[in-house]
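Welcome, and please have your viewer open. We will walk through one model stop by stop, choosing a selection and then looking at what is there.

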Amino acid sequence: MINKRTKDFDILIEPYNNEYFKVDFPGQFNKQMLEAVRNIPGRWWNNDEKLWLLPHNQTVVNQLLKNLYTTGLFNAEEKEERHFCSDTTVQTGEKYIASQIRKVKDTLTTRHYSEHTKTSYIKWIEDFLNINQGNQSIGEKEINEYLKILALKKKVSASTQNQALAALLFYFRFVQNTPVTELGSVIRAKKSERIPVVFSREEVSKVIENLKGQKKLIAKLLYGTGMRLNEALSLRILDLDFDQNEIIIRHGKGDKDRHVMIPQKLVPELKEHIEKVRKLHSKDLADGWGAVAMPGALERKYPTGNKEFKWQWLFPQKNRWKNHTTGLEGRWHLDESLMQRAVKQAILEAEINKNASCHTFRHSFATHLLEIGYDIRTIQELLGHSDVSTTMIYTHVLNRGAGGVVSPLDRL
């Protein structure tokens, strides 16, 4: 068991069963601590016991402790129980690495990078610094060596290697204040052209019909608007404008806002859903709660705005979370993992033998719009792509390619 505690925050980590260990917040906690858990692959929320369950292996334990440590809320010299983290050792340069990661996190937040970008950048920068053992005199040579390791030993894809490079360039430019100008002859991972997995219209219907409740509505929105899953789950009531027939997606990938249409078939269903959310919010207010996390600095600008209905999540979680120390309660939006698992199960039940996921709805949206004649620039804007070349990949999926050619064998 690990009980990490500071003056203000408390977190309990202990075994749950042979496959999982549990993470609980018996005292006060904040968004940083919550994100430290949410950023662990394979984690899931046990709604019955109101705690997080994470895969029970040393890699996950170490990653969780690193995530918590980089929040800056816990004592850097705190030692963990050896029977739970037997191979967690204090390495040379650990304090320096931790201080650098905190600076990276602060800089990313100041520059309004998305949570997903923060997570990936911190992961690559921390790995790079650990490989160099906290050496403070690093530069182009070490970056080159690291990128070669990724390409030749770890055999990462070209896009993954580029992501790692972007993270390191960010670190040197904005944290170290030493922009990298010469990278020399970097060995690049081979870039592969991958055609996205796309549902047919019949398959879309089958998958959606195997979903229930608000998860079914979310799937309809993903396919009907081309939104990413995190964009749909981050919607608030005020983001829907029925008079203008549009949805505002705020702080999308690249911290860009954009507009997408509201599918007319969904208007009655969305309005009915909003009324359900209104009743839920009214009950929360009647119980003495009803506050929601506000974006950016708006909580200081509008101190009472967090209880206004327009700021509530469009897809709130079923149960309120509770701070056991302060007694405060509130709601977050539906967790991504719940939607992902529901869609995976729906695909299995529909007997669709494709490596599909929630993101497949977005691919299907773009491809089906191309099929009925919409131009590539319009689709680019709806998807929020910076470069039209990213959107062009969907032209390869149309039945005007290999699938649309009549084989000579069929003419015999």
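Two strands count as paired if DSSP finds at least two bridges between them. Keep that in mind for the opening stop, and remember throughout that this is a predicted model.

**Stop one: the sheet**

Start by selecting strand 6, residues 240–241. Two bridges join strand 6 to strand 7, and these strands run antiparallel. Now show the side chains of Asp241 and Glu246: Asp241 stands opposite Glu246, which is in strand 7.

Follow the chain from strand 6 to strand 7 and you trace a hairpin, with four residues between the two strands. Click on Asn245 in the turn, where phi is positive, at about 55°.

Next, add strand 8, residues 258–261. Four bridges join strand 7 to strand 8, again running antiparallel. Two pairs are good to label here: Ile249 stands opposite Arg258 in strand 8, and Glu246 stands opposite Met261 in strand 8.

Zoom out a little. What is the order of the strands in this open sheet? The order is 6-7-8, three strands with antiparallel pairing. Strand 6 and strand 8 are the edge strands, each pairing on one side only.

**Stop two: a pair of helices**

Select helix 8 and helix 13. They pack at an angle of about 35°, with their axes 7 Å apart, and helix 8 passes helix 13 in a right-handed crossing.

To see the contact itself, show Ala219, Leu222, Tyr223, Gly224 and Thr225 in helix 8; they meet Phe361, Arg362, Ser364, Phe365 and His368 in helix 13. The residues of this contact divide into five nonpolar, four polar and one charged.

**Stop three: the nonpolar cores**

Stay with Phe361 and list what it touches. Leaving aside neighbours within four places in sequence, Phe361 is in contact with Phe199, Val204, Val207, Ile208, Ala219, Leu222, Tyr223 and Val343.

Which residues have the most contacts inside the largest nonpolar core? They are Ile218 and Phe361, in a core of 51 residues. To colour its surroundings, pick the elements that each supply at least two residues of this core, among them helix 7 (201–209), helix 8 (213–225), strand 7 (246–249), helix 10 (267–286) and helix 13 (359–371).

For a last selection, try Ile125, Leu147, Ala167 and Phe172. These belong to a second, separate core of 26 residues.

Technical notes:
Residues numbered from 1 in each chain as written. Predicted model: local features only at pLDDT ≥ 70, side-chain atom pairs only at ≥ 80, totals over all residues. Heavy atoms only, no water. Core = buried A, V, L, I, M, F, W, Y, C linked by side-chain atoms within 4.5 Å. Buried < 20%, exposed > 50% of the residue type's maximum accessible area, 1.4 Å probe, protein only. Contact = heavy atoms within 4.5 Å. Axes fitted to C-alpha atoms, helices over the stretch in contact; angles between N-to-C directions. Left-handed = near helix turned anticlockwise from the far one by under 90°. Nonpolar A, V, L, I, M, F, W, Y, C, P; charged D, E, K, R; others polar.
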